[in-house]
Protein chains: 2
Amino acid sequence: MNRVVGEFGLIENLARLFGPTPAEVALGIGDDGAALAAGGDRLLVLTMDTLVEGVHFDLAYISLAQLGRKSLAVNVSDIAAMGGEPAYALLSLGWPPARKLEEALEFGEGLAAAGREFGVAVIGGDTVASPQGLTVTLTVLGWGKPGALLRRNGARPGDQVYVTGPLGESAAGLEVLRRGLTLNPVLAAPLIEAHLHPRPRVAAGRLLADEGLASAAIDLSDGLAGDLNHVCRASGTGAVVLGATVPITVGVAEVARLLGADPLTLALEGGEDYELLFTSPPERAGRLFEAFFRAGLSPPVLIGEITAGSGVTLRTSQGDREISGGGFDHFRAHRRQA
Amino acid sequence: MNRVVGEFGLIENLARLFGPTPAEVALGIGDDGAALAAGGDRLLVLTMDTLVEGVHFDLAYISLAQLGRKSLAVNVSDIAAMGGEPAYALLSLGWPPARKLEEALEFGEGLAAAGREFGVAVIGGDTVASPQGLTVTLTVLGWGKPGALLRRNGARPGDQVYVTGPLGESAAGLEVLRRGLTLNPVLAAPLIEAHLHPRPRVAAGRLLADEGLASAAIDLSDGLAGDLNHVCRASGTGAVVLGATVPITVGVAEVARLLGADPLTLALEGGEDYELLFTSPPERAGRLFEAFFRAGLSPPVLIGEITAGSGVTLRTSQGDREISGGGFDHFRAHRRQA
């Protein structure tokens with residue numbers, strides 16, 4: 001949710017027009033989703049995301065069934081970033097009239113299977129003609145606990161910055177698909193899988209929320225550099241990322257080598273990781289790792305620290321550099337293409 | 001919601017894939033929206049609708065501010081058709097990067113003003129790049145009372161068929177705009193207004209729901225012929241419409257004359273009226289008219305009757321003809337273009 005178009009922060013400008021939100025609204029514009037006090041002891045958590053053919057996916061690289069699944073996965077990832085439990089979805093499908101009905105059913109089968117995978121019932125929908133290309137918009141509803149929602153704006157100087165898994169795999173997988181890179185299949189397969197079949201971190205998000213372990217969280221859709229900057233801006237802080245601690249797999253390093261690029265750039269700027277980025281005070285680290293261990297989840301990876309000030313700084317053996325403004329246009333231009 | 005693409009009932013085919021809905025779901029795919037038992041004594045009512053540039057609107061005829069308002073109005077109309085009270089909206093805006101930020105703000109101002117008009121708070125959103133043209137998807141949430149939701153599937157043979165206002169004005173207004181028809185401005189103005197500035201019938205919908213006056217309801221977005229057929233199919237009935245009783249204004253008649261078309265066809269096939277169509281047992285007619293009168297609403301117009309069997313029959317002095325299969329391709333091809 002709330003991704004910007006280009007550089008001008010469109011939704012943030014629009015948000016100012018919409019004015020203050022009513023008391024029933026626990027979370028409004030500016031986070032991964034919205035949340036409503038729906039009655040009873042639950043919060044209703046809402047996200048909405050659109051995938052546009054030619055911008056976010058290319059049907060040369062992703063099947064319609066995979067697209068159906070991924071459309072739901074990216075919304076479920078926003079629910080995960082709030083610590084919610086996904087429950088329902090509404091679909092608005094913009095369908096090119098020239099495409100066959102069978103293809104729509106292929107998309108629908110992928111979406112239905114993803115619904116079973118994530119425990120999400122598709123309860124409503126709308127289809128419209130979209131002659132210029134396929135568009136998929138999903139609204140996903142989930143449930144959260146009042147007072148235990150993960151937000152972007154709670155990071156404080158001194159908090160540690162964690163990610164739930166390796167970065168850059170999805171972007172590397174897209175490069176493999178787009179460029180037909182020749183790569184050991186053992187290395188290539190998990191990259192392609194990361195791109196076409198992302199796994200939103202619902203269990204980690206719920207654990208962080210339920211046990212009060214995170215001060216802020218976001219899902220990594222735009223890439224670590226951009227998403228950590230969203231957290232810093234919402235929290236009024238800066239951050240330092242230690243380059244050497246960023247989790248990069250052998251496959252990502254190999255794709256970077258083939259492209260003549262820096263693996264760290266691929267990891268920080270690639271986007272579509274759908275891991276969670278979260279912050280947590282250092283005194284909670286013991287409880288944090290213990291909780292992940294008990295839940296059978298991979299341990300989170302400590303990659304940096306929240307600071308006073310603003311902006312995101314990358315610290316490597318070559319010194320410090322600012323990465324919050326976005327980096328390599330090569331990856332930026334193509335990110336979120338499937 | 002649940003509009004079909006072309007002739008093949010895409011969403012209905014998709015719905016079969018998504019399987020049965022959980023018990024918490026009061027209303028799933030196949031109605032104007034979905035409804036959830038959200039906790040407490042309220043139902044959460046949800047709708048989602050997409051407008052695609054070049055299909056549903058043409059920026060040559062509608063301003064971005066008008067489009068912002070209309071995007072919300074058409075969703076609010078779906079809430080009205082369920083007897084709900086609109087409350088919140090999520091926006092997903094597909095924005096062509098070539099368009100200026102100022103234009104997005106113009107759209108946003110129209111949407112924000114509509115939010116105030118309809119009592120709807122925009123609580124979340126997402127913007128994505130959409131190089132092929134502007135797309136607007138809104139999810140609107142509202143509240144309804146358990147057991148008092150208007151549905152499509154409750155019409156029974158012998159029920160009377162009503163509409164809440166004149167038909168064909170929006171379609172006639174679009175023809176005036178598209179063709180630059182020369183028409184007395186006193187006649188043209190309300191037609192253009194009906195097209196660019198539709199007024200969803202929230203008060204009428206809530207009255208019908210709260211006082212148990214309707215056996216089925218739908219909003220007139222696709223045109224009476226198509227929408228009454230949706231009610232008949234959902235209810236397992238047929239219907240007869242008496243042509244002479246269909247409310248047609250002088251302006252609609254005049255546009256039809258200029259086009260060499262039948263005013264009744266414009267009224268039945270034009271679409272985008274955003275009036276409510278509802279059915280009600282004849283013994284409730286007294287209470288129905290009294291309730292509308294007391295609420296200060298224009299009286300509903302009786303236009304036909306639900307029958308056993310299937311299909312929608314138009315009865316005129318020239319005899320009976322089936323209209324459920326859709327009629328004049330001229331209007332059909334261009335309907336929902338603004």
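**How the two domains of chain A meet**

Author: In this predicted model, 20 residues of domain 1 of chain A are in contact with 20 residues of domain 2 of chain A.

Reader: Where do domain 1 and domain 2 of chain A lie in the domain assignment?

Author: The assignment gives 6-144 as domain 1 and 160-322 as domain 2. Their C-alpha centres lie 23 Å apart.

Reader: How much area do domain 1 and domain 2 of chain A bury between them?

Author: About 1700 Å², with 54% of it on carbon and sulfur atoms. On the domain 1 side, Tyr61(A), Arg69(A) and Lys70(A) lose the most area to domain 2, together 32% of what that side buries.

Reader: Why is the pair Glu85(A) and Arg206(A) called a salt bridge?

Author: The closest N and O atoms of Glu85(A) and Arg206(A) are 3.6 Å apart, and the cut-off for an Arg nitrogen and a Glu carboxyl oxygen is within 4 Å, so the pair qualifies. The count between the two domains is two salt bridges.

Reader: How many residue pairs are in polar contact across this interface?

Author: The rule finds five, with both residues at pLDDT 80 or more.

Reader: Which elements of chain A each supply at least two residues of the domain 1 side that touches domain 2?

Author: Helix H2 (64-81), strand S4 (85-95) and helix H3 (101-118) do. The largest share, ten residues, comes from H2(A).

Reader: What makes up that side of domain 1 by class?

Author: The side of domain 1 that touches domain 2 has nine nonpolar, four polar and seven charged residues.

Methods: Residues are numbered from 1 along each chain as its sequence is written. Chains are lettered from A and ligands numbered from 1 in the order in which they are written. This is a predicted model: local features need pLDDT of at least 70, side-chain atom pairs count only at pLDDT 80 or more; totals for chains, interfaces and linings use all residues. Side-chain values use heavy atoms; hydrogens and water are left out. Domain bounds come from an automatic or database domain assignment. Contact means heavy atoms within 4.5 Å. Buried area is the accessible area (1.4 Å probe) that two parts lose on being put together, summed over both. A salt bridge is a side-chain nitrogen of Lys or Arg within 4 Å of a carboxyl oxygen of Asp or Glu. A polar contact is a pair of N or O atoms within 3.5 Å; within protein, one must be able to donate a hydrogen and the other to accept it, and residues adjacent in sequence count only if both atoms are side-chain atoms. Helices (H or I, at least four residues) and strands (E, at least two) are DSSP runs, numbered from the N terminus. Ala, Val, Leu, Ile, Met, Phe, Trp, Tyr, Cys and Pro count as nonpolar, Asp, Glu, Lys and Arg as charged, and the others, Gly among them, as polar.
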